[in-house]
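Work through the exercises below with the sequence and the 3D structure open. Try each task before reading its solution.

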Amino acid sequence: MKIKHNYFIILFLFIFSTLSANELNMKIKGDSASGFYVDLYYGSVNVSTQEKTGELNLFVENEDYSIREYIKNWKATKAIQKGNSITLSGVVKLPKLETDLFLSVIYEIVNNQVVEKRIELLQTNLSLLYYSVNTSLNLKDKPSRFWSFDNADNKGGV
């Protein structure tokens, strides 16, 4: 009877470790000096890092398009993790537009295979600004191959 009980515990631990190895999880990386960013993992494999590119690129224009500012490779100055959610935040100084832009990037695990990335912008002293935001997933290692609905042997790119 004791052998069956031990066998059941070992089987449970094996199944649990196998299931948890196939889950998405996130880790806050960086520091306040160089900036915070999020790395995504599938089990223990790093599938995305924002180390070099930052969380986003941002192009901002005023309402008559006469003043433009570009923020490249933005990283947060503050990071908070609560359960399945990570919030990165910081203030972007826009000297040409004479304003500050409060920026938040929120990562939330939706299920074992989906992570939502939400970007929130807040600016309070100008009546209208136009934003263009660019964000992407960046792999730590080059993939061995790509897949798409149109082509099972896709070479990557557009």
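**Exercise 1: A charge and a ring**

Lys27 sits over the face of Tyr41, 4.8 Å from the ring centre. A charge counts as over a ring if NZ of Lys or CZ of Arg is within 6 Å of the ring centre and within 35 degrees of the ring normal. The model is predicted: local features need pLDDT of at least 70 and side-chain atom pairs count only at pLDDT 80 or more, while totals for chains, interfaces and linings use all residues. Residues are numbered from 1 along each chain as its sequence is written, and side-chain values use heavy atoms, with hydrogens and water left out.

**Exercise 2: Elements and a sheet**

Task: State how many helices and strands the protein has, and describe the open sheet of three strands.

Solution.
- Step 1. Count the elements: the protein has one helix and ten strands. Helices (H or I, at least four residues) and strands (E, at least two) are DSSP runs, numbered from the N terminus.
- Step 2. Read them along the sequence: the pattern is α-β-β-β-β-β-β-β-β-β-β.
- Step 3. Find the strand order: the open sheet runs β5-β4-β10, with antiparallel pairing. Two strands pair if DSSP finds at least two bridges between them.
- Step 4. Find the edges: β5 (68-74) and β10 (129-134) each pair on one side only.
- Step 5. Look at one pairing: six bridges join β4 (residues 56-62) to β10. Val60 stands opposite Tyr131 in β10.

**Exercise 3: The nonpolar core**

Task: Which residues of the largest nonpolar core touch the most other members, and which strand gives the most to this core?

Solution.
- Step 1. Fix the terms: a nonpolar core is a set of buried Ala, Val, Leu, Ile, Met, Phe, Trp, Tyr and Cys residues joined through side-chain atoms within 4.5 Å. Buried means under 20% relative accessible area, exposed over 50%, and partly exposed in between (1.4 Å probe, protein chains only).
- Step 2. Take the whole protein: of its 158 residues, 30% count as buried.
- Step 3. Take the core: it has 21 residues, of which Trp74, Leu88, Leu103 and Tyr107 touch the most other members.
- Step 4. Assign the strands: β2 (35-42), β4, β5, β7 (85-94) and β8 (99-111) each supply at least two residues. The most comes from β8, with five residues.
- Step 5. List contacts (heavy atoms within 4.5 Å). Beyond its neighbours within four places in sequence, Tyr107 has contacts that include Met26, Val38, Leu40 and Leu88.

**Exercise 4: Two aromatic pairs**

Task: How are the rings of Phe59 and Tyr70 arranged, and how are those of Tyr65 and Tyr130?

Solution.
- Step 1. Apply the rule: rings of Phe, Tyr and Trp (its six-membered ring) pair if their centres lie within 6.5 Å; planes under 30 degrees apart count as stacked, over 60 as edge-to-face and the rest as tilted. The count by this rule is two pairs.
- Step 2. Phe59 and Tyr70 have centres 6.5 Å apart and planes at 55°, so this pair is tilted. Phe59 is in strand β4 and Tyr70 in strand β5, eleven residues apart.
- Step 3. Tyr65 and Tyr130 are stacked, at 5.0 Å centre to centre and 10° between the planes. Tyr65 lies in the loop between β4 and β5 and Tyr130 in strand β10, 65 residues apart.
- Step 4. Check accessibility: Tyr65 is partly exposed at 41%, and Tyr130 is partly exposed at 33%.
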